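Please find below a colleague's note on the structure shown here. The points are numbered for ease of reply.

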Amino acid sequence: MPGLNTSLLTAVHALMAQQGAMDATTNNIANANTPGYSRQVPVFSEVPPTCQGSLIFGNGVALERFQSVRDELLDFRIQEETSQQGNADAQATATQQIQPLFTSTGQDIGSQMSAFFNSISKLSADPANMSLRTQMITAGQNLAQSFHTAVAQLSQIRQGLNGSVVQDVNNINQLAQQIASLNTQIVALQADGQDGGTIKDQQNELIQQLSQLTSVSVIQTQDGISLTTGNGTALVVGSSIFPLQTSIGSDGLQHVLAQGQDVTACLQVGSIGGALAVRDQVIPQILNQLDTLASGLTTAFNAAHQQGTDLSGNSGTDFFTPLNSIAGAAAQINVALTDPAAIAAGSDGSSGSNGNLAQLLAVQTTPLPSGQTPTDSYSNVVFQVGSIAAEAQSESDAAAVSLTQLTDQRSALSGVSINEESVNLIRYQQAFEAAARVITTIDQLNQVALNMGVTNGGY
């Protein structure tokens, strides 16, 4: 039959269990404001009882482990929304750089196009005025320069996004290395029967940072987690990493490689996906529209100019330098005329005629081969840029709201409540004090037992 020593051992185990619970609670309180921290709860279990005949004697309590409170599905949703927000933020940031290029500043294409046709209108009042003719040539040069400036700045933004891709790839590799390193620690802890919750919290924070850069899929294995990108490209398997690489392709842009395979087109989520979308889709589309506008305007205006006569009565020549193709037209458009007298304003060969200026002005309101007038064509570019920027910002705002809601849900489940932990601390403290009192009582009983039969004389 169990004796005082058995009771003492039971109380000691209880004392140790409640001490561990208080340690966990104290750690929770200390990390109340730590980002990504998941509160830990002590897991108690009853020590198997001792059976003697028909009697069963309990042997107290044991603290098995500490269990982190987390919801894997909720963590997955947070990672997913983080990727969406990273993508939208990257697109919003890039398109906000593009928007000023198509804002009416006086130097933009739209303003310079209006100024060019206004110079033609002014010349119609005095077609022989050399100053007005010079102004028309200058206005044409300014229009061409506005195309050049837009193309150069778009190319500069594109190169900036090119650099962002390289930086994102480097960050992805660094995070993958840290996650793989934590895998090793978590596996070692779990092999010892521990939860490894604190290390898992650190790993989850790294995975969320990785989700900001690209979409990731998390698979639990015996060797820790395995991570792949959204298209299945492996990043981490246990303690091993499979780093991404960047390489300049035939198009002069940085391409992302995974184990030698080009996966650039597959990276569509996260900040790297947003940067690639603007670099490879949005900007080329804008450049193509500008090329189409520049090519159509050059062809139409030259055709109208050739129908007139200059101050000397000669037939008009090309006002703009003819273009060989639509591709690159916006960067190549230039005024061919240098002599103001060569402007074909007339229609009857006389020096004071302005009959052909109406044909030149009509180019502004006549549909080009694209089906739109020059003004409408440029307005469509401005609208698309604004629409893409507004859509990206709207998606970013929506993702931020959703992410906040999910984060609040995780905080309610996994976060630390100071009030709740304070109540737990008092509860464990009382249990600790009770176990301590049991130990004190048993110690006193042991002293009584040891002193039984002992007289003052020692016999």
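The points that follow go from the whole chain to its sheets and then to single residues.

1. **Status of the model.** The coordinates under review are those of a predicted model. The remarks below should be read with that in mind.

2. **Overall form.** The protein chain holds 10 helices and 11 strands. Its radius of gyration is 39 Å, well over the 23 Å that the globule rule gives for 459 residues, so the chain is more spread out than a compact globule. The box filled by the C-alpha atoms, taken along the principal axes, has sides of roughly 150 × 45 × 35 Å.

3. **Burial, surface and contacts.** Of the 459 residues in the protein chain, 42% count as buried. The exposed area of the chain is about 22,300 Å², and carbon and sulfur atoms supply 52% of it. When contacts between residues at least 6 apart in sequence are taken, 69% of them join residues at least 24 apart.

4. **Charge.** The protein chain has 12 positive and 34 negative charges. The mean positions of these two sets lie 6 Å apart.

5. **The four-stranded sheet.** An open sheet is built from 4 strands in the order β5-β6-β7-β8, with antiparallel pairing. Its edge strands are β5 (216-221) and β8 (240-241), each of which pairs on one side only. Between β5 and β6, the latter covering residues 224-229, there are 6 bridges in the antiparallel sense. These two strands form a hairpin with 2 residues between them, and T221 has G224 of β6 as its bridge partner.

6. **The three-stranded sheet.** A further open sheet has 3 strands in the order β9-β10-β11, and its pairing is antiparallel. The edges are taken by β9 (244-248) and β11 (261-262); each has a single partner strand, so one side of each is left without a neighbour in the sheet. Strand β10 (residues 254-258) is joined to β11 by 2 bridges, while 5 bridges join β9 to β10. Strand β10 is mostly covered, with 4 of its 5 residues buried.

7. **Register in that sheet.** Which residues face A258 across the strands? On one side L244 stands opposite A258 of β10, and A258 also stands opposite Q261 in β11. The residue L257 stands opposite D262 in β11.

8. **Turns and backbone angles.** The hairpin of β9 and β10 has 5 residues between the strands, and G252 in its turn has a positive phi of about 80°. The hairpin of β10 and β11 has 2 residues between the strands. Here Q259, which is not a glycine, has a positive phi of about 50°. Most residues other than glycine have a negative phi. For this reader, the backbone angle of Q259 is therefore a point to note, given that most residues other than glycine have a negative phi. The residue lies in the loop between β10 and β11, and Q259 counts as exposed at 55% relative accessibility.9. **F147 in helix α4.** Is F147, a residue of helix α4, buried or exposed? At 0% relative accessibility, F147 counts as buried. Leaving aside residues up to four places away in sequence, F147 touches I109, L290, L293, A294, A330 and I333. The C-alpha atoms of F147 and Q107 are separated by 10.0 Å, and these two residues are 40 residues apart along the chain.

10. **N173 in helix α4.** Helix α4 (residues 130-191) also contains N173. With a relative accessible area of 16%, N173 is buried, because buried means under 20% relative accessible area. Beyond residues up to four places away in sequence, N173 touches P243 and L244. The second of these, L244, is the residue that stands opposite A258 in β10, and N173 in helix α4 thus has a contact partner belonging to the pairing described in point 7.

11. **D126 before helix α4.** Where does D126 lie? The loop between α3 (109-125) and α4 holds D126. At 35% relative accessibility, D126 counts as partly exposed. From D126 to S353 the distance is 9.0 Å, C-alpha to C-alpha, although the two are 227 residues apart in sequence.

Methods
Residues numbered from 1 in each chain as written. Predicted model: local features only at pLDDT ≥ 70, side-chain atom pairs only at ≥ 80, totals over all residues. Heavy atoms only, no water. Rg over C-alpha atoms; globule rule 2.2 N^0.38 Å. Buried < 20%, exposed > 50% of the residue type's maximum accessible area, 1.4 Å probe, protein only. Contact = heavy atoms within 4.5 Å. Areas by Shrake-Rupley, 256 points an atom, 1.4 Å probe, with all protein chains shown as cover. Lys, Arg positive; Asp, Glu negative; His and termini not counted. Charge placed at Lys NZ, Arg CZ, Asp CG, Glu CD. Pairing = 2+ DSSP bridges.
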